[in-house]
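Please open the structure in your viewer and keep the sequence panel beside it, so that you can select residues by chain and number as you read.

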Amino acid sequence: MPDNGNVSALHLVLSGDPVLLAIVWLSLTVSLSAVAVSALIAVPIGALIALTRFPGREGVIVFLNAMMGLPPVVVGLAVYLLLSRSGPLGAWGLLFTPTAMIIAQTVLVSPIIAALARQTIEDLWTEYHDELAAMNVGPLRRIVTLIWDARFSLITALLAGFGRAAAEVGAIIIVGGNIDGFTRTMTTAIALETSKGDLPLAIGLGLVLISIVIVINAAAWGARRLGEHYAG
Amino acid sequence: MRNPALDLPLLFVDVRIRARGLPILDGVSLKIESGKPTVLIGPNGAGKTTLLRAAMGLVRPSSGLITWGGHEQSPPVRRAIMFQRPAMLRRSTAANVRYALAAANVARDKRETRVAELLADVGLAQLARRPARKLSGGEQQRLALARALARDPAILLLDEPTASLDPAATKAIEDIVRIVTARGVKVVMSTHDLGQAKRVGGEIVLLHRGRVIETGPAGEFFAAPRTEEARKFIAGELLV
């Protein structure tokens, strides 16, 4: 049977090919960093929207939900314009660096985490409202309490964000440039190697990407179940 | 902090509360004094829960006046409420009490001792590390009571504290009510259960359609009701 790439791909994965490992490492670094930064920004924003009432709130929620479907290439283009030499942040020299990729993915992932966090925290707020009001808990402490108590449910929001970051190619290929050994990630490499006809590496990276997503989801699910078991 | 004895009587003066255009409390005037528990009774929709929530400051009257020891503008810090269906924080039993103590500004170095004392008071010491949401209904009610007591209240408001509990769990709650009353805490509670009202009540307040129909010491109220509504309610007839 002719090798259509599967056998070679498996060999690359099992042999710990350094090129493949470097690509995997960069991909994980970029996507996990973007999710971490997004979590720091988006969870408090989601909580704030969940707990406050202001004119136009419904519009903000609709906008936030709509932003969950932001096209990656549009985000890539916007961040490119921002970071390009003639852009407002061009002086920082970040274009075509992993940092630019993290920024682009943060923009992409933040609305997803914020929208899901808003819904999760609002549901919990409905449940907790009277108790916290009766305990005379102040606004800041309410937010901290709700985020802490919703932490296991918020893992789902972070996973959705990670899924989006790990799978996207449009934004990071624009702002990262897919530079070999510097800004090449799994998704950009798969796109490139497939177009070049180097299927073993493309398939190998595809296998690794899917495996990583499954392992991270399984680990997060396990952590959630464990946490719920011990903390309620 | 004011002297808790000065927070009573709790006075409702022609209090009206409306929700979606409908009167929930319709001109309630009531004096709640220190001493034995005051028990609010009445059919569903009588306004018992709203009256307790108003006393806790969780709903504002549309009109009328609520005063504490003659002070309208400064309600007591040391008041606490336990809801009919209390929400359990997604933490352990002990952590729920610890949270209530922190919210009540109890000094950090005193919290662990108080957690142990309060859980012992409500008979949950053995379940301190169990997630609160995995406790039984009766245990959750007792935990909610411990959280309320964490505020070291002078006035404790209990909204149907034993609704849907079995007799053993009901007795456990009533025992705690007796203990805290003996310690000088003023308990104001609502109940559907006339037997409970007889067992616990010092003063009975019958509410119907947002109005106070009759008040009086439990013995007198049950032995010789003065109003037709009270007589019907005690006899188990429907108040419509």
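This tour goes through chain A, then the contact between the chains, and then several places in chain B.

**Chain A as a whole**

Before selecting anything, bear in mind that what you see is a predicted model. Select chain A and display it as a cartoon: you should find 10 helices and 0 strands, and reading along the sequence you meet the pattern α-α-α-α-α-α-α-α-α-α. If you turn the chain to view it along its principal axes, its C-alpha trace spans about 70 × 50 × 25 Å. Chain A has 232 residues, of which 40% count as buried. Among the contacts in chain A with a separation of 6 or more, 79% come from residues 24 or more positions apart.

**Two crossing helices**

Now select residues 18–51 of chain A, which form helix α2, together with residues 98–134 of chain A, which form helix α5. The axes of these two helices come within 5 Å and cross at roughly 35°, and the crossing of α2(A) and α5(A) is right-handed. If you show the side chains where α2(A) and α5(A) are in contact, the residues there divide into 23 nonpolar, 8 polar and 2 charged.

**The largest nonpolar core**

Which residues have the most contacts inside the largest nonpolar core? Select Ala104(A), Ile113(A), Ala117(A), Val175(A) and Ala146(B), for these are the ones, in a core of 132 residues. The largest share of this core, 19 residues, comes from α5(A), the helix that you have just seen crossing α2(A).

Stay for a moment with Val175(A) and leave aside its neighbours within four places in sequence: the residues in contact with Val175(A) are then Gly76(A), Val79(A), Tyr80(A), Leu83(A), Leu95(A), Ala100(A), Met101(A) and Ala104(A).

**Where the chains touch**

Next, show both chains and look at the contact between them, which takes 17 residues from chain B and 13 residues from chain A. On the side of chain B that touches chain A, β5 (79–82) and α2 (93–103) of chain B each supply at least two residues. If you colour the residues of that side by type, they divide into 12 nonpolar, 1 polar and 4 charged.

**A helix with two sides**

Move on to residues 228–235 of chain B, which form helix α8, and pick out Glu229(B), Ala230(B) and Phe233(B), which are buried. Why do these residues belong to the same side of α8(B)? They cover an arc of only 95° around the axis, and this is what puts them on one side. On the other side of α8(B) you can select Glu228(B) and Ala235(B), which are exposed. What covers the buried residues of α8(B) includes β8 (203–208), β9 (211–217) and α7 (218–223) of chain B. Just after the helix, select Gly236(B), which follows α8(B) and has a positive phi, near 85°.

**A loop with two positive phi angles**

Select the loop between β6 (155–159) and α5 (167–182) of chain B, where you will find Glu160(B); Ser164(B) also has its place in the loop between β6 and α5 of chain B. Glu160(B) is not a glycine, although its phi is positive, about 45°, and Ser164(B), which is not a glycine either, has a positive phi of about 65°. Are these two residues buried or exposed? Glu160(B) counts as buried because it has 22 C-beta neighbours inside 10 Å, whereas Ser164(B) is exposed, with 12 other C-beta atoms within 10 Å.

**Two last stops in chain B**

Select Met189(B), which is found in strand β7 (residues 186–191) of chain B. Met189(B) counts as buried because it has 26 C-beta neighbours inside 10 Å. If you leave aside its neighbours within four places in sequence, Met189(B) is in contact with Pro37(B), Val39(B), Leu40(B), Leu158(B) and Pro161(B). You can also draw a distance from Met189(B) to Ile204(B), which are 15 residues apart in sequence and 9.8 Å apart in space, C-alpha to C-alpha.

Finally, select Glu112(B), which is found in helix α3 (residues 108–121) of chain B. Glu112(B) counts as exposed, because it has 12 C-beta neighbours inside 10 Å. The distance from Glu112(B) to Val97(B), C-alpha to C-alpha, is 9.5 Å, and these two residues are 15 residues apart in sequence.

Definitions and conventions
Residues numbered from 1 in each chain as written. Chains lettered and ligands numbered in written order. Predicted model: local features only at pLDDT ≥ 70, side-chain atom pairs only at ≥ 80, totals over all residues. Contact = placed C-beta atoms within 7 Å. Helix = DSSP H or I, 4+ residues; strand = E, 2+ residues; numbered from the N terminus. Nonpolar A, V, L, I, M, F, W, Y, C, P; charged D, E, K, R; others polar. Axes fitted to C-alpha atoms, helices over the stretch in contact; angles between N-to-C directions. Left-handed = near helix turned anticlockwise from the far one by under 90°. Core = buried A, V, L, I, M, F, W, Y, C linked by C-beta atoms within 7 Å. Buried ≥ 20, exposed ≤ 12 C-beta atoms within 10 Å, placed from the backbone. Arc of directions from axis to C-beta.
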